[in-house]
Structure formats: C-alpha cells, structure tokens
Amino acid sequence: MAKQSAKDRAFRLSEGRCPIHGVSMPQIGLTGEGDQQRALVGCPRKDCEITGSAWDADGPVELMPEHAALLRPHPVGSIRQ
Ligand SMILES: [Zn+2]
C-alpha cells in the first residue's frame with residue numbers, strides 16, 4: 001500500500017472516511033450533549049478502532065482525541081494498514 005501522509009488522512013476525514021482505510025464511516029451512535037450533540041462515527045472494519053464525531057454523516061469527521069495522533073506527520077502507535 002502506498003505510504004499515507006497526514007494530509008491524505010485529513011482529506012479522507014473531510015469526506016467522512018476512515019483515515020487509514022478510506023472507507024466511509026457509518027454512524028454508530030451519538031456523542032456530546034444538548035446542542036453540542038453530534039454523530040459518533042466509526043470505521044466498519046473489525047480490526048480498526050478509529051472513531052470520530054461529525055455534524056453530518058457525510059463528514060467532515062473530527063477524530064476522537066485518542067486517535068488524533070494519526071494526523072500528525074509521524075504518528076505513534078501501530079494501527080495496521
Ligand atoms: Zn479503518
């Protein structure tokens with residue numbers, strides 16, 4: 001697989017897709033309270049734990065803080081591609 005850059009990942013997120021797998025992330029719940037409530041979306045792959053929140057199912061998605069390292073140029077962690 002081609003090497004992914006932080007920019008590629010940010011672009012995928014902007015379209016509501018998993019930054020690693022490029023598949024669209026369906027809504028799996030809700031996050032937040034009151035007028036800050038947003039859709040909780042997650043990658044449909046079983047081996048992927050990436051989740052984020054979005055105002056709208058078509059994105060853009062904001063990664064949950066525990067996954068934010070994926071958007072840094074040299075991510076720490078070992079999510080398989
Ligand atoms: Zn994924």
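## Helix 1

On the face of helix 1 turned away from its buried side sit two exposed residues, Lys 7 and Ser 14. The model is predicted. Helix 1 spans residues 6–14, and its buried residues are Arg 9, Arg 12 and Leu 13. Seen down the helix axis, these buried residues fall within an arc of 100°, so they line one face of helix 1. Their cover includes strand 3 (51–54) and strand 4 (61–63).

Asp 8 also belongs to helix 1. Is Asp 8 buried or partly exposed? Asp 8 has 14 other C-beta atoms within 10 Å. A residue needs 20 or more to be buried and 12 or fewer to be exposed, so Asp 8 counts as partly exposed. Its C-alpha atom is separated by 9.0 Å from that of Leu 71, although the two residues are 63 apart along the chain. Just after helix 1 comes Gly 16, with a positive phi of about 75°.

## Overall layout

The protein chain has one helix and four strands. Along the sequence the pattern reads α-β-β-β-β. Of the 81 residues in the protein chain, 21% are buried.

Contacts also span the sequence. Take those between residues at least 6 apart: 36% of them join residues at least 24 apart.

## The sheet

The four strands form an open sheet in the order 1-2-3-4, with antiparallel pairing. Strand 1 and strand 4 are the edge strands, each pairing on one side only. From one strand to the next, the twist averages 35°.

Now the pairs in turn. Strand 1 (residues 27–31) and strand 2 (residues 38–42) are antiparallel and share four bridges. Gly 29 faces Leu 40 of strand 2. Thr 31 has Arg 38 in strand 2 as its bridge partner. These two strands make a hairpin with six residues between them. In the turn, Gly 32 has a positive phi of about 85°.

Strand 2 and strand 3 run antiparallel and are joined by four bridges. Here Val 41 is bridged to Gly 52 in strand 3. Strand 3 and strand 4 are also antiparallel, with three bridges between them. Gly 52 stands opposite Leu 63 in strand 4.

## The nonpolar core

Which residues make up the largest nonpolar core? There are nine: Leu 13, Cys 18, Ile 20, Met 25, Ala 39, Val 41, Cys 43, Ile 50 and Val 61. Leu 13 is one of the buried residues of helix 1. Val 41 is the residue bridged to Gly 52. In soluble globular proteins, nonpolar side chains tend to be buried together.

Met 25 gives a view of the surroundings. Leaving out residues up to four places away in sequence, Met 25 touches Gly 16, Arg 17, Cys 18, Val 41, Gly 42, Cys 43, Gly 52 and Val 61. Gly 16 is the residue just after helix 1 with the positive phi. Gly 52 is the bridge partner of Val 41, and Gly 52 also stands opposite Leu 63. Among the contacts of Met 25 are Cys 18, Val 41, Cys 43 and Val 61, each of them listed in the largest nonpolar core.

Conventions
Residues numbered from 1 in each chain as written. Predicted model: local features only at pLDDT ≥ 70, side-chain atom pairs only at ≥ 80, totals over all residues. Core = buried A, V, L, I, M, F, W, Y, C linked by C-beta atoms within 7 Å. Contact = placed C-beta atoms within 7 Å. Arc of directions from axis to C-beta. Pairing = 2+ DSSP bridges. Axes fitted to C-alpha atoms, helices over the stretch in contact; angles between N-to-C directions.
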